[in-house]
Each structure stands twice: as C-alpha cells, then as structure tokens.
Amino acid sequence: MGNQTEVTEFILLGLSNNPQLQSFLFLVFLVVYLITLLANMVIMLVIRADPHLHTPMYFFLSHLSFVDICYSSAIVPKMLVHFLAEHKTISVTSCIAQMFFIYLPAATEIFILSAMAYDRYAAICDPLRYMERMSKGICVQLVSGAWGIGFFHALLNTVFVLKLHFCGPNQINHFSCELPPLLQLSCTDTLTNQVVLLTSLVIFGLSTFVSTLISYIHIISTILRIRSGEGRRKAFSTCSSHLIVVGLLYLTVFFQYTKPSSVSSVGLDEMFSIQYSILTPMLNPIIYSLKNKEVKTAVRKMLGKFKLLT
C-alpha cells in the first residue's frame with residue numbers, strides 16, 4: 001500500500017449516464033420523494049390530531065411513517081443532486097455516513113413491522129388482555145427497542161467499514177452508498193466485514209421474519225375459527241394493510257437474495273433496491289390509507305377542516 005494513493009472520494013455511477021434520461025429520472029424520483037414526504041406526514045398528522053387513532057396500532061403506524069421519511073431522505077436527495085450534477089462524486093466520509101443512515105431506518109423498519117404484527121396478534125387472538133399486552137409503556141419499549149437495534153446494526157457495520165482502506169478504483173456501480181459495493185473497492189481484507197454484515201442480517205432478518213410469521217399463523221388460525229363471514233372479514237380487515245406491506249418487503253428481499261446467479265445483474269439489483277428503499281416508503285402510507293376505513297375517515301375530516309379554514 002506504500003505506493004498506492006488513498007482514495008478520498010467515490011464516483012456514484014447511478015442509474016444512467018444519458019443526460020436526457022437523467023433529467024427524466026430526476027423528475028420521476030422528485031415526484032416519488034414529494035409523495036413519500038407528503039403521504040407519510042399526513043399519516044403522522046392525522047394520527048396525532050384524531051383521538052380515535054390514539055391506539056397501539058396507529059402509534060406504531062405513525063413511527064413507521066417517520067422511519068419511511070428517514071429512509072427515503074437518506075437516499076433520494078443525494079440521488080436527485082447527482083442526476084443534475086456533472087461530477088457525481090461523494091467523499092469517503094460522506095459515503096460511509098450515508099451508509100449508516102440507510103442501515104439505521106432499514107433495520108428499525110423491520111422491527112417496527114414485527115411489533116405491528118404482534119399488536120395484531122394480541123388484538124385478534126387475545127382481545128380481553130389486549131390493553132394489558134399493548135399498554136403505552138410496552139408500545140414505547142417496542143419502538144425504542146426497534147430504534148436501538150437499528151442503531152446497533154448500523155453502527156456495528158459502520159465501525160468495521162471505518163477500518164478499511166480505499167486506494168484503487170473509486171467507482172460505485174450504484175445510486176447510493178451501500179456496504180456490498182463499498183467492500184468491492186477496498187484494498188484491505190473484507191472478510192470480517194462480510195461476516196459481520198451476514199451475521200447481523202441473518203440474526204435480525206430471521207428473528208423479525210419468524211416472529212411475524214408466528215404472529216400471522218396464530219392470527220389466520222383464529223380468523224378461520226370465527227363462524228360468521230362478516231366476523232372473519234372484519235377481523236382480517238384490521239391486519240390486511242400490514243400484511244400487504246410486510247409481504248411487499250419480504251418478497252422483494254427474498255427475490256433479491258435467492259435469484260439465480262445466471263440472472264444476477266447490476267440493473268436488477270438496482271431495481272430491487274429502488275423497490276424496498278424508495279418505492280416502499282411511498283407505498284406504505286398509500287396502502288394504509290386505501291385499506292383502512294379509520295384512516296380514510298380521519299383524512300377526510302382533516303381535509304374538511306382545511307377547507308373550512310380557507
């Protein structure tokens with residue numbers, strides 16, 4: 001390494017180097033980002049303003065909306081700048097910082113979704129003890145734990161990245177700074193980083209997936225035992241939005257990591273990344289708004305108040 005120059009900045013190659021396509025992509029992702037911000041902020045405001053929504057389920061939903069804003073904001077603003085910039089560079093320090101702020105909300109989100117699954121399990125399978133199981137203190141602990149684990153996951157991987165040296169190629173074939181592309185550019189051994197990343201993903205990913213799966217096995221089993229069709233529809237409607245959101249997330253991740261090596265490509269990896277890191281934060285509040293009568297009613301009330309004010 002003595003004769004090699006230390007890299008101080010990376011070049012993010014992004015989605016395209018075609019100027020016309022970049023202008024089009026800028027507009028597309030700007031609209032997606034604005035919808036993400038607006039939709040999630042509306043969800044948060046509605047839940048805060050409507051006393052009928054001051055329940056554990058909507059407490060988790062408001063935090064999920066905040067996490068989605070953080071997740072999207074860690075990626076899209078820099079992405080938009082690079083669509084218009086001639087030199088698409090980012091310093092090594094800024095790149096590692098972006099990686100930290102991507103991993104923090106990403107890990108936090110899967111644990112909040114797991115807590116939401118447990119909330120639906122408690123409401124449907126043990127309604128008499130629901131308020132005991134999902135007291136305000138327990139809800140706060142679950143959300144705090146989700147953020148704490150997310151912070152630990154992000155910090156753990158970031159600390160080991162800080163020990164790496166970059167002295168060769170500096171082009172990242174991606175639109176954001178994520179760990180796998182960074183490891184490919186390192187001049188030093190990355191085995192420890194790979195082990196830490198894989199271990200944390202397996203432990204945190206499997207634990208949340210298994211807990212969510214167990215919750216829904218109990219939920220579906222309980223719903224199927226309800227005799228009336230109306231009762232089954234009502235019970236299922238309380239968790240259908242969450243099931244769609246969880247399904248989108250886990251299916252995307254599943255297809256990304258289980259696709260055959262023969263179909264592996266940078267473009268396909270970027271499509272999967274766009275789905276779970278950019279489109280999912282936009283779709284989550286839309287799904288909850290469309291599938292949830294209480295949220296739709298609360299949104300209409302809030303819009304009605306704004307019309308009266310104007």
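Q: Why does the sulfur of C70 make no bond with the closest cysteine sulfur?

A: A disulfide is a covalent bond between the sulfur atoms of two cysteines. In this predicted model, the cysteine sulfur closest to that of C70 belongs to C177 and is 18 Å away, which is too far for a bond. A pair counts as a disulfide when the sulfur atoms are within 2.5 Å. C70 itself is partly exposed, because its relative accessible area is 26%.

Q: How far is the sulfur of C125 from the closest cysteine sulfur?

A: The distance is 9.2 Å, to the sulfur of C239, so this is again too far for a bond. C125 has a relative accessibility of 25% and counts as partly exposed.

Q: How many disulfides does a search of the whole structure find?

A: The search finds 2. In one of them, C95 is joined to C177, with an S to S distance of 2.0 Å. C95 sits in helix α4 (residues 92–125) and C177 in the loop between β3 (171–172) and α7 (179–184), so the bond ties together parts that are 82 residues apart in sequence.

Q: Is the link of C95 and C177 left-handed or right-handed?

A: The angle to read is the one about the S-S bond. Here that angle is -115°, and the link is left-handed.

Q: Are C95 and C177 buried or exposed?

A: Buried means under 20% relative accessible area. C95 is buried, because its value is 0%. C177 is buried as well, also with 0%.

Q: Which cysteine forms a disulfide with C167?

A: The partner is C187, and the two sulfur atoms are 1.9 Å apart. This pair links distant parts of the chain, 20 residues apart: C167 is in the loop between α6 (136–161) and β3, and C187 is in the loop between α7 and α8 (191–224). C167 is buried at 10% relative accessible area, whereas C187 is partly exposed at 32%.

Q: What is the pairing when the bonded cysteines are numbered in sequence order?

A: Such a pairing is a short way to write which cysteine goes with which. For this protein chain it reads 1-3, 2-4.

Q: Which residues gather in a patch of positive charge on the surface?

A: Lys and Arg count as positive. The patch here is formed by K291, K293, K296 and R300. Helix α12 (residues 293–309) supplies the largest share, 3 residues.

Q: Is K293 buried or exposed?

A: K293, which is found in helix α12, is exposed, with a relative accessible area of 68%. The cut-off for exposed is over 50%.

Definitions and conventions:
Residues numbered from 1 in each chain as written. Predicted model: local features only at pLDDT ≥ 70, side-chain atom pairs only at ≥ 80, totals over all residues. Heavy atoms only, no water. Patch = residues over 30% accessible without salt bridge, like charges linked within 9 Å, V, L, I, M, F, W, Y side chains within 5 Å. Areas by Shrake-Rupley, 256 points an atom, 1.4 Å probe, with all protein chains shown as cover. Salt bridge = Lys/Arg side-chain N within 4 Å of Asp/Glu carboxyl O. Charge placed at Lys NZ, Arg CZ, Asp CG, Glu CD. Helix = DSSP H or I, 4+ residues; strand = E, 2+ residues; numbered from the N terminus. Buried < 20%, exposed > 50% of the residue type's maximum accessible area, 1.4 Å probe, protein only.
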